[in-house]
Amino acid sequence: MLSNLSNMMLHHGFKSSKQDFTFGPWKVTAAKTHIMKSKDIERLAEEMGMPALPEMLFGDNVLRIQHTDGYGIEFNAIDALKRVNNLADNVKVACSQEWLESRADSEHSKEVVKPYDWTYTTDYRGTMIEADMQMRVAETTERIDLEKLKAREQIMFFDDVLLFEDELHDHGVSTISVKIRVMPTSFFLLLRFFLRVDGVMIRINDTRLFHEAGSNYLLREFSTRESKIADLKNVPASLHTDPNEIAQYLDLKLTECEKLELPPVDNNGDSAAGNQETSAQ
């Protein structure tokens with residue numbers, strides 16, 4: 001376990017950093033720092049009622065998009081973990097049993113399968129920042145124009161923030177990270193949860209967030225893709241470890257599209273207010 005953790009840390013080359021970038025009325029903040037200390041992880045696991053948390057947990061890492069009026073959205077590891085089902089449902093139990101059977105000779109196999117979601121699957125879509133006002137979340141049929149995003153445009157700001165990662169006792173990976181790029185006319189964010197259980201299945205939960213300068217809303221799309229390894233026989237095994245490549249081969253299970261509508265502006269140019277507490281979605 002310790003050697004695995006050291007290798008993971010070496011691979012990512014961790015350095016503390018904090019970047020801010022202003023895009024019109026928005027401030028983008030990307031903060032990255034060290035892994036949570038073991039005593040803090042143990043305390044957090046107890047609070048969450050989970051036997052264990054990911055090997056690499058970055059509790060202070062955050063990517064935040066905040067309007068000058070105070071509202072916005074951020075992405076952090078703790079809130080992502082709060083969306084993990086710590087009472088495994090039938091799908092997860094079936095998967096863990098299949099994983100256990102495929103790794104019956106592993107000394108760790110019985111240790112991993114416990115009464116919680118040991119894959120750390122999360123449907124986290126961000127945490128709303130609601131100071132004296134809030135963005136209204138509404139379903140929409142409007143979609144993010146991904147073709148438009150492929151157009152060559154100057155990237156004024158980019159960052160990639162890792163929230164947590166676990167190598168499932170050397171039999172796969174469970175990781176979630178968020179990256180953002182800001183162009184002259186818009187910004188685009190991708191929060192991706194990637195799970196690979198070797199010999200069993202691959203799952204990707206994506207949250208995409210897009211805002212065009214001058215518009216009064218953000219578009220948020222959430223999707224779940226998942227396939228069993230047995231159904232990916234025609235896909236080169238080398239692609240199984242690359243989320244960007246394997247995503248196109250996975251079965252689409254769910255898509256949800258939302259508008260995050262900005263608070264209305266009154267005649268004085270101020271946003272309408274309404275006190276709300278910060279909440280995770």
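Two strands count as paired here if DSSP finds at least two bridges between them. By that yardstick, β8 (residues 157–166) and β9 (residues 172–182) clear the bar in this predicted model, pairing in the antiparallel sense over nine bridges. One of the matches puts Phe158 together with Arg181, its bridge partner in β9. Five residues sit between the two strands of this hairpin, and among them is a backbone oddity worth a look: in the hairpin, Leu168 takes a positive phi near 50°.

On to the next strand along. β9 is joined to β10 by 11 bridges, again with the strands running antiparallel. These two also make a hairpin, with three residues between them. Thr175 is found opposite Phe194 of β10. As for cover, β9 is mostly tucked away, with nine of its 11 residues buried.

Zooming out, these strands belong to an open sheet of eight, ordered β3-β8-β9-β10-β11-β12-β13-β7 and paired antiparallel. The edges are held by β3 and β7 (136–139), and each has a single partner strand, so one side of each is left without a neighbour in the sheet. Further along the order, β11 (residues 201–212) and β12 (residues 217–228) run antiparallel and are joined by 10 bridges. Ile202 stands opposite Ser227 of β12.

Now for the helix α2, which spans residues 38–48. Its buried residues are Ile41, Leu44, Ala45 and Met48. Viewed down the axis of α2, the buried residues fall within an arc of 100°, so they line one face of the helix. The pattern fits a general point: an α-helix has 3.6 residues a turn, so residues three or four places apart point the same way. On the other side of α2, the exposed residues are Lys39, Glu42, Glu46 and Glu47. Cover for the buried residues of α2 comes from elements including β3 (56–57) and α3 (77–82). Just after the helix, Gly49 adopts a positive phi of about 70°.

Leu57 ties several of these pieces together. Leaving aside residues up to four places away in sequence, Leu57 touches Ile41 and Leu44, along with Ile35, Met36, Ala77, Leu81, Leu163 and Phe164. Ile41 and Leu44 are among the buried residues of α2. Leu57 is also one of the residues with the most contacts inside the largest nonpolar core, a set of 50 residues; the others are Trp26, Leu53, Ile65, Met135, Ile180 and Leu189. Strand β10 (residues 186–197) gives the largest share of this core, six residues. Apart from it lies another core, made of 11 residues and including Phe194, Ile229, Ala247 and Leu250. Such grouping is in keeping with a broader trend: in soluble globular proteins, nonpolar side chains tend to be buried together.

Finally, the chain as a whole. Its secondary structure comes to seven helices and 14 strands. Of the 281 residues, 49% are buried. Among contacts with a separation of 6 or more, 68% are between residues 24 or more positions apart. The chain exposes about 14,500 Å², and carbon and sulfur atoms supply 47% of that area.

Methods:
Residues numbered from 1 in each chain as written. Predicted model: local features only at pLDDT ≥ 70, side-chain atom pairs only at ≥ 80, totals over all residues. Heavy atoms only, no water. Buried < 20%, exposed > 50% of the residue type's maximum accessible area, 1.4 Å probe, protein only. Helix = DSSP H or I, 4+ residues; strand = E, 2+ residues; numbered from the N terminus. Arc of directions from axis to C-beta. Contact = heavy atoms within 4.5 Å. Core = buried A, V, L, I, M, F, W, Y, C linked by side-chain atoms within 4.5 Å. Areas by Shrake-Rupley, 256 points an atom, 1.4 Å probe, with all protein chains shown as cover.
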